[in-house]
Structures are given as structure tokens and as C-alpha cells.
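Me: I have a model open in my viewer and would like to talk it through with you. Could we go step by step?

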Amino acid sequence: MVAETVPPVIRIDPSGADRHGEAARMREAGQVIRAELPGGVQMWVITDYGLLAELAADPRVGRDWRNWDALSRGEVPEDWPLLSMIRLNNAMARDGGEHRRLRRPLTRTFTRNRVEALRPRIGEIVARMLDELPALADADGVVDLRKHYAYPFPMQVICELIGVPEEWWPRFRQLIDTVVRADTTAEEYMATQQERHELWQKLFAMRRAEPADDLTSALLAINGEDGEPLTDEELEDTLWMLIGAGHETSISLIVNATRALLTHPEQRAKVDEGGDEVWAKVIEETLRFDSPVGNFPARFPTEDVTVAGVTIPKGEAILAPWSGVNRDPARYGEDADQFDIDRSAGKHMAFGAGPHVCIGPNLARLEAAIALPALFARFPELRLAVEDDALTAVPSIFSNSVVGLPVFLGAQAQA
Ligand code: HEM
């Protein structure tokens with residue numbers, strides 16, 4: 001029998017500063033490698049697009065953290081901040097029948113029609129924010145598009161959809177940021193858990209007393225119709241997952257698409273010349289080229305699985321590098337690192353794959369399809385106020401974007 005070679009270990013930089021370079025280095029190291037995450041926790045990484053797609057669909061590999069041996073053995077510190085993305089009590093962290101029980105109420109209530117019904121409201125929010133943008137410029141005429149446009153808007157949409165009272169929105173935003181950041185302290189993490197629990201309990205009590213036309217009321221109304229009802233804790237985690245998953249990712253899509261167009265004049269020219277349908281190409285190519293989700297923890301094999309000749313033992317953790325595989329040259333060719341809206345290589349995995357594939361693509365695409373054309377139509381002279389390499393990455397292993405997008409709006413801002 002030939003002994004397997006020990007896979008190389010690559011350290012993941014929590015600053016996210018060179019995420020695509022890091023993904024390329026991981027790919028060069030092998031199709032199946034190990035990564036060291038902040039805090040010294042190690043996980044396996046599949047760097048090849050096709051192999052990761054297969055693994056995500058493999059029924060022997062799930063998302064239930066209770067199958068992570070290192071955690072059961074107490075080797076993962078209780079206060080490890082990334083646990084908040086792993087140790088969940090919602091669909092993201094259950095497999096098989098339990099996964100279906102938790103995911104089904106969402107797919108029943110978070111329907112295409114419910115999303116489509118948001119179109120006029122999203123249009124209104126976007127128009128209002130665009131009106132306000134010029135007044136938000138600093139003394140040099142610079143506006144941070146992330147802070148003043150991409151950031152508040154998906155949060156508002158998802159909070160309205162769920163039925164979170166308006167006065168809670170800023171606090172929810174802070175709580176989400178605490179979870180996403182890689183430098184959250186143990187105390188901050190524990191306080192976040194407690195506070196969000198109290199807020200959800202309050203919301204459930206309000207909607208049980210008086211249902212409204214929102215997702216929380218719809219979920220409470222159908223709860224138990226498809227089998228064992230979701231507990232309050234599961235409902236909390238489910239809604240929290242929607243806000244977390246539907247907020248940061250959508251911001252990143254809008255920021256990353258704007259940044260890509262502002263730094264690729266030849267692609268922007270195609271947009272200027274193209275019709276409405278060109279925006280769908282911008283959105284899909286951004287999702288591939290600069291995927292909002294970088295490295296996503298975690299999957300856990302319930303049996304030993306062999307991938308490209310390497311055995312990943314049962315009970316280990318696997319990280320999915322979605323933004324990395326979306327630039328895999330084996331899939332997209334040698335120009336995989338180029339932003340090209342006419343690329344015909346087809347599907348990307350920005351929304352993941354397998355039974356846990358994202359449930360929010362319709363909403364994410366709708367938000368971007370309204371926000372991006374409206375922004376470029378209102379401010380046709382929009383340009384970056386700094387060099388692209390001066391932009392700072394979101395300090396996260398998970399979120400792939402920049403913390404600010406400073407721009408000049410151009411002459412139309414004065415009009
Ligand atoms: C551009 C925006 C978005 C991106 C790039 C994105 C990406 C992802 C990814 C990579 C996963 C993991 C899939 C896997 O493990 O295979 C995921 C899961 C999920 N996403 Fe999204 N997402 C986006 C927007 C949204 C929105 C708007 C919502 C809802 C409001 C949402 C809800 C979810 C949920 C509920 C899951 C877990 C599904 C499950 O485990 O069964 N996402 N998303």
C-alpha cells in the first residue's frame with residue numbers, strides 16, 4: 001500500500017488582505033490541503049472547483065457540527081469567535097431529515113413571489129439613498145459607497161422582510177458585524193448571543209399577539225404544519241441566519257460589482273453601451289470573480305472520504321473556499337483572474353452547492369439588479385477616489401469585500 005503524503009498546511013490570513021493570492025497559493029499547494037484558521041484551529045480545504053462541488057453533494061459529508069470530533073473533545077476553545085458561524089441550531093448546521101425540517105419552512109415562506117413583491121420597495125429605498133448621497137460627501141467631495149449606499153440598504157430590506165422593528169435595525173447591524181469580524185473578543189461574542197436572544201423573544205411575542213405581513217409571522221403561522229415544529233431557539237437561529245446571510249453578502253455583491261466596474265473601464269464601456277440585460281452579466285461575473293463568500297466553515301464527514309487520493313477522516317472539519325474555486329483555472333481557463341462580463345464559462349459556485357445551497361439568490365440578484373443600474377445611471381461620472389490597491393479588505397476569513405469604497409460622484413452630484 002502506498003502511504004499518503006501529508007498535505008501541506010496554509011495559514012489563512014484573518015485580515016483578508018490578499019484573499020485571491022492566498023487562494024492561488026492554496027491551489028498550488030494541492031487539490032486537498034489543510035488550512036490553519038485564526039486561533040490555530042485546522043481544517044481541510046478542497047481547492048479544486050469540481051472536487052468541491054462533488055464533496056458538497058456527497059451525503060457522507062454534512063454540516064452538523066456535532067460530528068466535529070475536535071469540538072467534542074474540547075480542543076476548540078468555547079470562546080473561539082468562528083464558532084458563532086458553526087455551532088448553530090438552524091438549517092445551515094443540520095443534515096438529512098433534520099436539515100429538511102428546518103429548511104422547508106423557509107423555502108415555503110421565503111418564496112420567489114415574496115421576494116418579487118419587494119421590487120417596488122427596494123426601488124424606493126434605492127432612489128432615496130441616491131438622492132441623499134451627494135450630501136454625504138466629505139469636504140473633499142468623497143463619498144463612501146459602502147457606508148452610505150451598499151451597507152444600509154440590504155439590511156433595511158431583510159429587516160423589513162422579516163419584520164424587525166425599525167428602531168432595532170442599527171443594533172442588529174452592530175450585532176451582525178461582531179459575528180463577521182475576525183477580531184471579535186470572547187466577551188463581545190457572548191454578549192452578542194445574549195442580546196440577540198432577548199430581541200428575538202420580544203419580536204416573537206409581538207407577532208404572536210398580533211401577526212403582520214412579514215416573514216416572522218408567516219413562519220410562526222406554518223410552524224408545525226410539516227412535522228415537528230421548530231423550537232423558539234431554532235426559529236431565532238433561523239431568522240438570525242437570514243439576516244447574517246442576507247446582509248453582509250448582499251453588501252459585498254454591490255460593493256464588489258461597483259469596484260470591479262470602476263477598475264475595469266473596458267467592461268464599464270460595455271455596460272454603458274449595453275441594455276438592461278447587461279447588468280445580469282455584471283452580477284454573475286462579479287459573483288464569480290469576487291465572490292462575497294470567501295472561505296466558508298464548515299463541513300464534517302460522517303465517514304472517511306477520499307478526495308483526489310487523500311483520505312479525510314470522519315469527524316474532521318472541511319472549509320469551502322467558494323471565492324477561491326470560482327477562480328480555478330482548471331474550470332475557467334488561464335484568464336480566470338480576469339473580470340470579463342462576456343465570459344461564457346457558465347455557472348459559478350458563489351451560492352455554494354449541494355443540499356445546503358443558498359436560499360437567497362433571488363433576493364441578492366434582485367437587490368443588485370436594482371441598486372447597480374440606478375447608481376451608474378444617476379452618477380455616470382462615478383470614479384474611485386483612491387487607487388484600488390489602497391482599499392482595505394474586510395478583516396474576515398468569510399466575508400470577501402472591502403471596508404470602504406471611496407468615490408467621487410461626478411458633476412451630476414451638483415445637479
Ligand atoms: C450575494 C449574496 C449571497 C451570497 C454570495 C450567498 C452565499 C451563500 C453560500 C456560499 C452559502 C453556503 C452554501 C453551502 O454551504 O453550500 C449560503 C447559504 C445560505 N444562504 Fe446565502 N448568499 C447570499 C445571499 C443570501 C440571502 C439574501 C439570503 C436570505 C435572505 C441567504 C440565505 C442563505 C441561507 C438560509 C443559507 C443556508 C442554507 C442551508 O444550509 O440549507 N443568502 N449562502
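Me: Let's begin with Gln-338: in the loop between which two helices is its place?
Reply: Happy to help, and please keep in mind that this is a predicted model. Residues 329–332 make up one flanking helix and residues 361–378 the other. The loop that holds Gln-338 therefore runs between α16 and α17.

Me: Does Gln-338 count as buried, partly exposed or exposed?
Reply: A residue needs 20 or more C-beta neighbours within 10 Å to be buried, and 12 or fewer to be exposed. Gln-338 has 14 inside 10 Å, so the verdict is partly exposed.

Me: How far is the C-alpha atom of Gln-338 from that of Leu-375?
Reply: Along the chain, Gln-338 and Leu-375 are 37 residues apart. In space, their C-alpha atoms are separated by 23 Å.

Me: On to the ligand: which helix gives the most to the shell around it?
Reply: The shell counts 28 residues, and those that come nearest are Gly-246, Thr-249, Gly-352, Cys-358 and Gly-360. Two helices, α12 and α17, each supply at least two residues of the shell. With seven residues, the one that gives the most is α12.

Me: How many residues of the shell around the ligand are nonpolar?
Reply: One residue of the shell is charged and seven are polar. The nonpolar ones number 20.

Me: What distance does α12 reach from its first C-alpha to its last?
Reply: This helix covers residues 232–262, which is 31 residues. At 1.5 Å a residue, the expected span is 45 Å, and the model comes close to that. The helix is also mostly covered, with 26 of its 31 residues buried. Its reach from first C-alpha to last is 45 Å.

Me: Now the sheets: which strands stand at the edges of the six-stranded one?
Reply: That sheet is open, with mixed pairing and the order β1-β2-β3-β9-β6-β4. Each edge strand has a single partner strand, so one side of each is left without a neighbour in the sheet. The edge strands are β1 and β4.

Me: Which residue of β2 is the bridge partner of Val-9?
Reply: Three bridges join β1 to β2, and the two strands run parallel. β2, residues 32–36, is mostly covered, with four of its five residues buried. The partner of Val-9 there is Arg-34.

Me: At about what angle to β1 does helix α1 run?
Reply: Helix α1, residues 19–29, lies across β1, β2, β3 and β9. Another helix, α2, packs on the sheet too, touching β3, β4 and β9 and making about 115° with the direction of β3. For α1 and β1, the angle is about 175°.

Me: Why is strand β6 largely enclosed by the rest of the structure, and how many of its residues are buried?
Reply: β6 spans residues 295–301. It is largely enclosed because its buried residues number seven of the seven.

Me: Which residue of β9 is the bridge partner of Pro-297?
Reply: β6 is joined to β4 by two bridges, in an antiparallel run, and Gly-62 stands opposite Phe-300 there. Four bridges join β6 to β9, again running antiparallel. In β9, the partner of Pro-297 is Leu-319.

Me: What is omega for the peptide bond that joins Pro-297 and Ala-298?
Reply: Ala-298 has its place in strand β6. The bond joining Pro-297 and Ala-298 is cis. Its omega is about -10°.

Me: Near what value is phi of Ala-308?
Reply: Ala-308 lies in the loop between β7 and β8. With 12 C-beta neighbours inside 10 Å, Ala-308 counts as exposed. Its phi is positive, in a residue other than glycine, and lies near 50°.

Me: Last one: in the sheet of three strands, which residue of β11 is the bridge partner of Arg-383?
Reply: This open sheet has the order β5-β11-β10 with antiparallel pairing, and its edge strands are β5 and β10, each pairing on one side only. Two bridges join β10 to β11. The partner of Arg-383 in β11 is Phe-408.

Notes: Residues numbered from 1 in each chain as written. Predicted model: local features only at pLDDT ≥ 70, side-chain atom pairs only at ≥ 80, totals over all residues. Expected span 1.5 Å × (residues − 1). Pairing = 2+ DSSP bridges. Near = placed C-beta within 6 Å. Nonpolar A, V, L, I, M, F, W, Y, C, P; charged D, E, K, R; others polar. Contact = placed C-beta atoms within 7 Å. Axes fitted to C-alpha atoms, helices over the stretch in contact; angles between N-to-C directions.
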